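Student: Hey, got a minute to go through this one with me? I'd like to start with the charged pairs and then wander a bit.

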Amino acid sequence: YQNNAGAAVEAKRYPSSAALVALLALISATDDTNVAHSFEDGGNFPLVKILKDGSLEMLQALIANSGGNGVEVVDENGFMTARIGHTTSSINGFATVFSDQPGIEFVDDFGFVVGRISNAGSFLGEVKDSVVIPHVPAILDQQQRTDLIHVVGYGQSLSVGSRAVPAISLTQPYLNVMQMAGVRCRANEDRYIASGLTPLVEADNSGSTQGETPMSGMVNGVTRRAVEAGELAGDWRFIASALGAGGTTVAQLSPSPVGSSGYFESVIQVIKDCKATCDAAGDSYLSLIH
């Protein structure tokens, strides 16, 4: 009330605090049937909730099992902000993975190593001379040169040269190569040869609907432009693979469990085999998928 010239004038009404506390306790007890147990403050506001599926909810975040690979932190909108896994961890998109070298590597979204912590030396950013590292580091605004660059074409019919007949790239003018079984052969085919490289040429498939893939024109074209600019052909060597499949859906070309054809897993195996072949020959290797 307000004293207005000696008269008590009502200014504002407030609800009973006791009634609000009782109402809040009732709501907290009944609003979420998924809660197994909750911890509340003096005003009966929930601070921490243990859900029936074993998840832990606190500070407007949910800590839950990530499907057998550690735990995830999910924000109030359901977006995963961090994952602590047995083999890979990620915080706000920045991932740490276990390396085949001693220690832990930091990689960016493109798989480039941007840092390492190990007993043999650590770095973050550009590699210092005192650090011995077999991986190619990511250096800002610089293209990393490798002995061989593996360009993988992956898609549907156009990626494997459907109806692009006759094939025209029947000789190799530079030093570009393909796997022994041919530019189209996938790892899940019986004729596949895991090791060994041979000059890149397109298959002259007389009577077939599959002819020239985009791969020869792509990598030979890059090498030609480099040579015309004064580069050595031996410094621009490519491995080319056309690993797509005509008449397939995007789902079929996707990794499992969405894709059940094994096409995507075959691409990964081809990349691993080419990397092993280059390692055995002492050549550095980089793969690009388009």
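Student: Okay, which residue does aspartate 279 form a salt bridge with?

Tutor: Lysine 275; the closest N and O atoms of that pair are 2.8 Å apart. Keep in mind that this is a predicted model.

Student: Where do aspartate 279 and lysine 275 lie?

Tutor: Both sit in helix α4, residues 263-281. They are four residues apart, about one turn of the helix.

Student: And aspartate 279, buried or exposed?

Tutor: In between: aspartate 279 has a relative accessible area of 43%, so it counts as partly exposed. Lysine 275 is partly exposed too, at 33% relative accessibility.

Student: How many salt bridges does the structure hold?

Tutor: Five. One of them joins the side chains of arginine 224 and glutamate 228, at 3.1 Å from N to O.

Student: Why are arginine 224 and glutamate 228 separated by about one helical turn?

Tutor: Because they are four residues apart in helix α2, which covers residues 214-228. As for exposure, arginine 224 is partly exposed at 33% relative accessibility, whereas glutamate 228 is exposed, with a relative accessible area of 57%.

Student: Fine, and what is the general idea behind such pairing?

Tutor: Side chains of opposite charge can pair when their charged atoms come close.

Student: Which residues are linked in a network of salt bridges?

Tutor: Arg186, Glu189 and Arg191. For the contact between glutamate 189 and arginine 191, the closest N and O atoms are 3.3 Å apart.

Student: How accessible is glutamate 189?

Tutor: Glutamate 189 has 24% relative accessibility and counts as partly exposed. The cut-off for buried is under 20%, so at 24% glutamate 189 does not fall in that class. Arginine 191 is partly exposed as well, with a relative accessible area of 47%.

Student: Switching to pockets. What volume does the second largest pocket have?

Tutor: About 200 Å³. It is lined by 18 residues, and Arg191 turns up again here: the closest to the pocket centre are Val183, Arg184, Cys185, Arg191 and Ala203.

Student: How do the residues of that lining divide?

Tutor: Eight are nonpolar, five are polar and five are charged.

Student: What about the outside, which residues make the nonpolar surface patch of about 260 Å²?

Tutor: Val71, Ile84 and Ile91 make that patch. Isoleucine 91 belongs to strand β9, residues 88-91.

Student: Now the backbone. Which residues does a cis peptide bond join?

Tutor: Valine 165 and proline 166, with omega at about 0°. Proline 166 is in the loop between β14 (148-153) and β15 (177-179).

Student: What is phi of arginine 163 near?

Tutor: Near 65°, a positive value in a residue other than glycine. Arginine 163 is also in the loop between β14 and β15, and at 68% relative accessibility it counts as exposed.

Student: And what is phi of alanine 5 near?

Tutor: Near 55°, again positive in a residue that isn't glycine. Alanine 5 lies in the loop between β1 (2-4) and β2 (7-9), and it is exposed, with 79% relative accessibility.

Student: Why flag those backbone spots?

Tutor: Because most residues other than glycine have a negative phi, and most peptide bonds are trans.

Note on methods:
Residues numbered from 1 in each chain as written. Predicted model: local features only at pLDDT ≥ 70, side-chain atom pairs only at ≥ 80, totals over all residues. Heavy atoms only, no water. 1 Å grid on protein atoms, 1.4 Å probe; cavity = no way out; pocket = protein on both sides within 12 Å on 5 of 7 lines; lining within 4 Å. Points joined across faces, edges and corners; volume = space filled by probe spheres on them. Nonpolar A, V, L, I, M, F, W, Y, C, P; charged D, E, K, R; others polar. Patch = residues over 30% accessible without salt bridge, like charges linked within 9 Å, V, L, I, M, F, W, Y side chains within 5 Å. Areas by Shrake-Rupley, 256 points an atom, 1.4 Å probe, with all protein chains shown as cover. Salt bridge = Lys/Arg side-chain N within 4 Å of Asp/Glu carboxyl O. Helix = DSSP H or I, 4+ residues; strand = E, 2+ residues; numbered from the N terminus. Buried < 20%, exposed > 50% of the residue type's maximum accessible area, 1.4 Å probe, protein only.
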